[in-house]
Amino acid sequence: MIQEALNCVDSGISAVQTLVYVDVVQPLLFHFNLMGYDDDIYDALYLVIIGVLQVGLTYMLLRPLEALRPVEQWQDRKQVRADVIYTWIAKLGILNLLFFVVLQPFFNELQSQMVIHGLPSVDLDGLVPGVTDQPIVSFLLYLTVLDFAGYWYHRWQHRFGVWWELHAVHHSQQQMSLWSDDRNHFLDDIFQAAFFAAIALFIGVQPAQYVVLVAVGNFLQSVQHVNARLPYGPVLERLIVSPTFHRRHHAIGYGHEGTRYGCNFGVLFPWWDMLFRTASWEKTVEPTGIRDQLPAPAGRSRRYGLGVVAQQVHAFGRIIKRLSPRRTSPRQPV
């Protein structure tokens with residue numbers, strides 16, 4: 001039933017893809033003499049449509065919750081505007097698929113060499129024949145493996161100082177909302193896209209499956225950042241990362257200054273934080289952001305930028321300063 005529903009959705013998106021391409025995109029390509037890129041643009045259009053649908057659905061489901069049950073009340077939403085831009089850039093998903101397509105020939109060759117030399121290949125679908133090859137089971141299996149990798153990727157972002165300065169773009173948001181998940185440095189986005197595409201290919205994820213995995217992960221992470229009180233309860237919040245659990249990760253003085261460079265690193269599931277003892281179940285609503293954003297004497301009034309361009313540029317400035325031999329920056333990851 002699930003597979004039939006997915007096939008139905010895929011057929012609907014494909015129909016819209018063809019309609020938009022034939023009536024809008026193809027005439028433009030012909031007019032500007034760019035028909036040599038028609039196949040690539042046609043394929044990319046599928047992801048663009050998914051991205052638009054995802055942003056629309058996320059907004060319709062989460063924005064009313066923010067209005068009805070807000071965690072924080074703000075006088076203005078100026079800090080959120082940049083996050084909306086980040087969301088439209090990220091949710092189109094082209095970067096993720098680009099790396100998937102670029103790396104796929106490399107991993108095909110790698111798998112061929114493994115067969116030639118008698119080395120076992122990674123095939124999660126075939127772990128338990130008749131079970132793990134079921135669509136829903138294989139999907140959950142892939143999601144779990146990728147989330148485990150995501151937990152460690154996230155911890156590394158906090159552990160290494162130069163990497164932290166890129167990730168700090170995400171943590172500098174002091175107005176958490178449904179848009180906040182996609183507020184990242186573009187260079188870190190590139191690293192992340194390559195990292196997860198490589199792992200997905202290595203464990204046998206097909207491109208169509210990968211698109212769905214990314215879409216589901218993106219939606220759940222938008223929920224985690226929502227400015228709304230959601231009643232997860234003691235059981236559900238230990239099965240999936242809740243907004244309260246993730247807000248603790250963003251809290252000033254805890255998210256990156258707490259339990260060995262931070263707490264609550266889980267991307268989708270809190271299991272890894274529970275397993276590796278980085279979980280904090282504190283429910284007190286704390287201000288979000290980074291300590292050195294605060295005015296003196298509590299902080300250093302450091303500017304992280306309000307707009308997308310400023311936030312990207314400031315990150316490189318912090319990296320240069322961190323690498324400077326005269327750098328003195330206490331209480332930050334090294």
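**A colleague's note on the helices and their cores**

1. A good place to start is L213: leaving aside residues up to four places away in sequence, L213 touches F139, Y142, L143, L146 and V205. Please keep in mind while looking around that this is a predicted model.

2. L213 also belongs to a bigger picture. The largest nonpolar core holds 42 residues, and V205, Y210 and L213 are those with the most contacts inside it. At least two residues of this core come from each of α2 (38-68), α3 (78-91), α5 (135-159), α6 (161-171), α7 (186-202), α8 (207-224) and α12 (308-323). Which helix gives the most to this core? That is α5, with seven residues.

3. Do look for another core as well, which lies apart from the largest one. This other core has ten residues, including Y21, V25, L29 and Y46.

4. Now step back to the whole fold. How many helices and strands does the protein have? The secondary structure comes to twelve helices and zero strands, so a walk along the sequence reads α-α-α-α-α-α-α-α-α-α-α-α.

5. Contacts across the sequence are worth a glance too. Taking the contacts in the protein with a separation of 6 or more, 72% are between residues 24 or more positions apart.

6. Finally, a word on inside and outside. Of the 334 residues in the protein, 44% are buried. The accessible surface of the protein is about 17,700 Å², and carbon and sulfur atoms account for 67% of that surface.

Notes: Residues numbered from 1 in each chain as written. Predicted model: local features only at pLDDT ≥ 70, side-chain atom pairs only at ≥ 80, totals over all residues. Heavy atoms only, no water. Core = buried A, V, L, I, M, F, W, Y, C linked by side-chain atoms within 4.5 Å. Buried < 20%, exposed > 50% of the residue type's maximum accessible area, 1.4 Å probe, protein only. Helix = DSSP H or I, 4+ residues; strand = E, 2+ residues; numbered from the N terminus. Contact = heavy atoms within 4.5 Å. Areas by Shrake-Rupley, 256 points an atom, 1.4 Å probe, with all protein chains shown as cover.
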